[in-house]
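This report introduces a structure to a reader who has not met it before. Please consult the sequence and the coordinates shown here while reading.

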Amino acid sequence: MIEFFNRLFGRQTSGATAKERLRLVLMSDHLSLAPEMIDAMKRDLVDVISHYVEVDRDRIDVHFEHQDKALAMLANIPITGVARNGASVEHAANGATNGHLHAERTDAAQPEVRAAPAQLPIEADAQQALAPSGDEPLAPAAGETEGVTAAAQAQRTAKPKAVTAKNGARPRRRRRKNTAG
Amino acid sequence: MQVLQTQDEQPLSGSSAALGRAIVITSGKGGVGKTTTTANLGTALARRGARVALIDADVGLRNLDIVLGLESRVKHHVLDVLEDRVPLDEALVRDKNSSTLYLLAAAQTREKDEVDTDKMIALVQTLRERFDYVLIDCPAGIERGFKNAVAGAHEAIVVCTPEVSAVRDVDRVIGLLGNRFEPKLVINRVRPHLVRKGKMLSVQDVNAILRLSLLGVIADEPEVIVSTNKGEPLALRNDSPTASAYHAIAARLAGEDVPAPMVEYKESFMERLGSFFGGRR
Amino acid sequence: MSARKIVFTSGKGGVGKTTTTANVGAALAKAGKRVVLVDADIGLRNLDLVLGLEKRIVFDLVEVVEGRCQVRQALIKDKRFDSLSILPAAQTRDKDAVTPEQMGKVIDDLAASADYVLIDCPAGIEGGFRNAIAGASEAVVVTTPEVSAIRDADRVIGKLAERAMPVRLIVNRIRPDMVRSGDMLSVDDVCEILSAELLGIIPDDEEVIDTTNRGEPVVLGEGNRLRAIYEKIARRLEGELVPFTNLDTPGFFGRLLGALKAG
């Protein structure tokens, strides 16, 4: 009842404030105590993104930030390649190869990349859907590296479930095949 | 550990050559108000214009950040600095309310025995070069965490409540602090109505045993809980007796002669005190 | 038939572990159980003080561990009860005077001829904490409804979970008036945040200060509500399903908020 009146007048009781703050702080504490879970989550995230674009796995940064009244996960994932028609790059899911692409050396300095269209079963069970930010266009030119920053609201309970990498296989690096020219 | 770069350094208030004061706030007994005192005293000193750095030395059980309402701004902690992963400047979090108050948070997921004592001493020294006051919030107990917190300090404030266990623990801590310190005493959570009824030790009772220079007395106030709920130290306000008490403490610490608050106490049960220490006084 | 070995811990200091250990132990002893209380706070002992037994200490835990006396010699029998004894901590030693293994052995020794061994854990999560939990097979986490205490309790519960130790929660120093005005977290809030099973709710009560000063367990007093509450906690430990006492006074507006409980 008191909470109702307070909200009516735009105030929040200190107890309610405390509860909210504690919730966020404990989420943050739990996350920092679960590095293995975070690693697994990162792997799953990157696996999903790799279905669409090629990424530089060595330069990925994923961290958590307090943002106003929520905890947010921020991922910075450098993209190293995108197929011209937007189809997937080669990846290995459960050992199978769903797509492949050819790189032809042309007169241009950068190799072109073409990918055969492929099915894209999303196997990794990432708990946050990652949507690239609408106002950051993906680079059309292959070979250029761009970063995509995506902010995903991590709405979690105080004790997050363990996330396991469902798809244990990692995408194979795209192999450039030089056709004799 | 990284030496502080000087490019963006702000001059110390007052004399640029004087080193700041490094004060550890300790007690032995937990829950008597060390963290609350560190936060409020830091705030009070900052309001007087001093540059103040607060260090949370409670590795694994950080709380100074949450008492100050800064928990969402902490990105790095003491061990990140001691282990050279980030420069000190990046780890220092500026207070929301006081522009000359900074926090260096504890590591939440590490253990106290991972702190290198020598590096801790060096860190405090570096902070003394930049700040007028470096207040170190000591963890409860007398184990490694306590030792590390004390190591870098040159002065000590002991916080005690008027309860037998707290007094006994402080007595022990005073012994452990040794000759390096002349600890000053803050008596917290006094309930004058209980003292009047003889159900609580009085200030005089407590200090008759501890015999320290009295820095301040703070009455128990439910508002403290509210202030922690909100993450807004009471010393920011002008309407709270607790705030006044901390401001008086800050003034005394700075060398001002502030008279002790007048509180009515009953003549109390001195004779019972003897038993708390096995008969010796 | 070996005793139940329960550690009372919290993370945060000053939330009432020692007072709770002493009073729950006393309540169990009053109910006819054979109870041994162990003070694991080496260097900052207080369990003896809270029970008024400080003048009767001859030997302590460290001396037992070092083999300088038998454990029976160090136990102090509280004459106010049929079967309550305490093993005091050493005051002038450090917590590294004892290892977790040594602690475990002493506790097992005591457990052989008792129904309950209650271990009063020091504040923090350092060596003293590790020693205290080494001897236990169950844990009671004591917290107050304050932000720092809850955060520390959460950390401790996490550490206990790592050892697969069953945990139950006591919320101490609840102030119903402040909960009603929204200035304090409720017991439900605390349990929700910590996801722990509730063992007891103890209201803030000034009598505790007085009884501690006098070294008298609350359960020896007459007709005070704290005594009833500790007795209920003891019964719940025994497995009885005891409802939590209602703290509402009749006709109070607060009923609309839902019953505020204690017990």
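The report covers confidence in one chain, then a single residue, then a contact between two chains.

The model is predicted. For chain A, the mean pLDDT is 62, and 40% of the residues of this chain reach 70 or more. Over residues 91-175 of chain A the pLDDT is below 50, yet the model gives this stretch 160 contacts beyond near neighbours in sequence. Residues 177-181 of chain A also have a pLDDT under 50; for them the model has five contacts beyond four places in sequence.

In chain C, R173(C) belongs to strand β7, which spans residues 167-174. R173(C) counts as buried because it has 20 C-beta neighbours inside 10 Å, and 20 or more is the cut-off for that class. Leaving aside residues up to four places away in sequence, R173(C) touches G16(C), T144(C), I202(C) and D204(C). Of these contacts, G16(C) lies 157 residues from R173(C) in sequence, while their C-alpha atoms are 8.4 Å apart.

Chain C also meets chain B: 35 residues of chain C are in contact with 36 residues of chain B. The helices of chain C listed below each supply at least two residues of the side that touches chain B.

| Helix of chain C | Residues |
|---|---|
| α2 | 47-50 |
| α6 | 127-134 |
| α7 | 147-162 |
| α10 | 207-214 |

The largest share of this side, five residues, comes from α7(C). By class, the side of chain C that touches chain B comprises 11 nonpolar, 12 polar and 12 charged residues.

Methods. Residues are numbered from 1 along each chain as its sequence is written. Chains are lettered from A and ligands numbered from 1 in the order in which they are written. This is a predicted model: local features need pLDDT of at least 70, side-chain atom pairs count only at pLDDT 80 or more; totals for chains, interfaces and linings use all residues. pLDDT is the predictor's confidence in each residue, from 0 to 100. Two residues are in contact if their C-beta atoms, placed from the backbone, lie within 7 Å. Helices (H or I, at least four residues) and strands (E, at least two) are DSSP runs, numbered from the N terminus. A residue is buried if 20 or more other C-beta atoms lie within 10 Å of its own, exposed if 12 or fewer, and partly exposed in between; C-beta atoms are placed from the backbone. Ala, Val, Leu, Ile, Met, Phe, Trp, Tyr, Cys and Pro count as nonpolar, Asp, Glu, Lys and Arg as charged, and the others, Gly among them, as polar.
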